[in-house]
Amino acid sequence: MRNHFMGWVLAAAALASSAMNLAQTAQHAGPAKPRTTSSTPDFSGVWFIPEYHRNLLPKEDPPFQPWAEALLKKHDLENNTADPDSGPDPIERCIPPGVPRIMLQPFPWEIVHAKDRVIMIFEYQALTRQIFTDGRGHPKDLDPTYMGHSIGRYEGDTLVVDTTGFNDKTWLDPMGLPHSDALHVVERLRRVDHDTLKVDYTIDDSKAYTKTWTAKKIFKLRPDWQIKEYVCAENNEVK
C-alpha cells in the first residue's frame, strides 16, 4: 500500500512540475503572434558606391540646350585651372550635392523603412532624405530646395522615386553637369541580389536638355558599416 501511495505522490508531483514549466515558458514567450508576409521590397542597410566616377554622363552625351553645354565647358575649364581648395564646385562651399549626386559621393548612406516613407541617411554632410510612400503627391507650392521633394511607389520589387522642386544651385556630377530649376529626377531602385542595389536614373530638364536621358549606378551593401558624423565646414557657411 505504501509503495502505491508513494508512486501516486511522485506522479502528481511530476505532473504539477510539468504544468508549472509550461506556464513559465508561456509567460516568458508571450502570446503567439501570427506570421505575416509582405510583398514590399526591403532595401534596409548601409550602401556604398564601389566605383567612384566624376562623370554621370552616359556613353553618349545628353542632348544639351546651348547654354547648358556652354556652362559645362566653363565648369570644366574652371575645374582644371582653379585652386583645388577654392574651386567652382558648389560642395566646396558646403552646399548640399542635390539629387542624384548625393548618392554618388564616396561616402556611405543608409536606407531605413518607416510606415509611410523611406528615409535615406547620408554620412556626407549628415544629410537626410525623405521619400513619402503613402500615396501623396508633390505640393503645388513647393519652395525650391537643394534636395527637392521626393515621393515613391512600389512596382513589384522596384521602388520608383519621383523628385522635383529643385533650385538650380547644384551640379549633377563633380564635372559640373548643370541643371535648371525645372529638374525632374526619377529613380528606380531594385535589389539585384542581397548585396547589390541597382539604381536607374532618368533626368528630365527641358530648360537644360532637349530630351530626357538616363544613367545607372550600382551600390554594394556594407552590413558591418555604420553611418558616422561628417561636418562640412570648409568655409563655415552655406551660401
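## Strand pairing and the largest pocket

In strand 6, T158 is the bridge partner of E155. This pair belongs to a predicted model, and the two strands concerned, strand 5 and strand 6, form a hairpin with two residues between them, where G156 in the turn has a positive phi of about 65 degrees. Strand 5 and strand 6 (residues 158-164) run antiparallel and are joined by seven bridges. On its other pairing, strand 5 (residues 149-155) runs parallel to strand 4 (residues 128-132), with two bridges between them, and there I131 stands opposite S150 of strand 5. Strands of a sheet pair through backbone hydrogen bonds, in either a parallel or an antiparallel sense.

These strands are part of a closed barrel of nine strands, which runs in the order 1-2-3-4-5-6-7-8-9 and has mixed pairing. From one strand to the next, the twist averages 30 degrees.

Earlier in the chain, strand 1 (residues 45-48) pairs with strand 2 in the antiparallel sense over three bridges, and V46 has E110 in strand 2 as its bridge partner. Strand 2 (residues 109-113) also pairs in the antiparallel sense with strand 3 (residues 117-122), over five bridges, and a hairpin of three residues joins strand 2 to strand 3. Within this hairpin pairing, W109 stands opposite F122 in strand 3, while V112 stands opposite I119 in strand 3.

The strand pairs described here are set out below.

| Strand pair | Sense | Bridges |
|---|---|---|
| Strand 1 and strand 2 | antiparallel | three |
| Strand 2 and strand 3 | antiparallel | five |
| Strand 4 and strand 5 | parallel | two |
| Strand 5 and strand 6 | antiparallel | seven |

Turning to empty space, the largest pocket holds about 200 Å³. Of the 16 residues lining this pocket, R54, N79, D89, E92 and P174 are the closest to its centre. By class, the lining is made up of eight nonpolar, three polar and five charged residues.

How far can the coordinates be read, and what is the average pLDDT of the protein chain? The protein chain averages a pLDDT of 84, and 80% of the residues score at least 70. Over residues 1-37, however, the pLDDT is below 50, and this stretch has zero contacts in the model beyond near neighbours in sequence. Where pLDDT is low, the predicted coordinates should not be read in detail.

Terms used
Residues are numbered from 1 along each chain as its sequence is written. This is a predicted model: local features need pLDDT of at least 70, side-chain atom pairs count only at pLDDT 80 or more; totals for chains, interfaces and linings use all residues. Side-chain values use heavy atoms; hydrogens and water are left out. Two strands pair if DSSP finds at least two bridges between them. Helices (H or I, at least four residues) and strands (E, at least two) are DSSP runs, numbered from the N terminus. Axes are lines fitted to C-alpha atoms, for helices over the stretch in contact, and angles run from 0 to 180 degrees between N-to-C directions. On a 1 Å grid over the protein atoms alone, a cavity is a set of points where a 1.4 Å probe fits but cannot get out, and a pocket is an open set with protein on both sides within 12 Å along at least five of seven lines; lining residues have an atom within 4 Å of a point. Grid points are joined across faces, edges and corners, and a volume is the space filled by probe spheres set on the points. Ala, Val, Leu, Ile, Met, Phe, Trp, Tyr, Cys and Pro count as nonpolar, Asp, Glu, Lys and Arg as charged, and the others, Gly among them, as polar. pLDDT is the predictor's confidence in each residue, from 0 to 100. Contact means heavy atoms within 4.5 Å.
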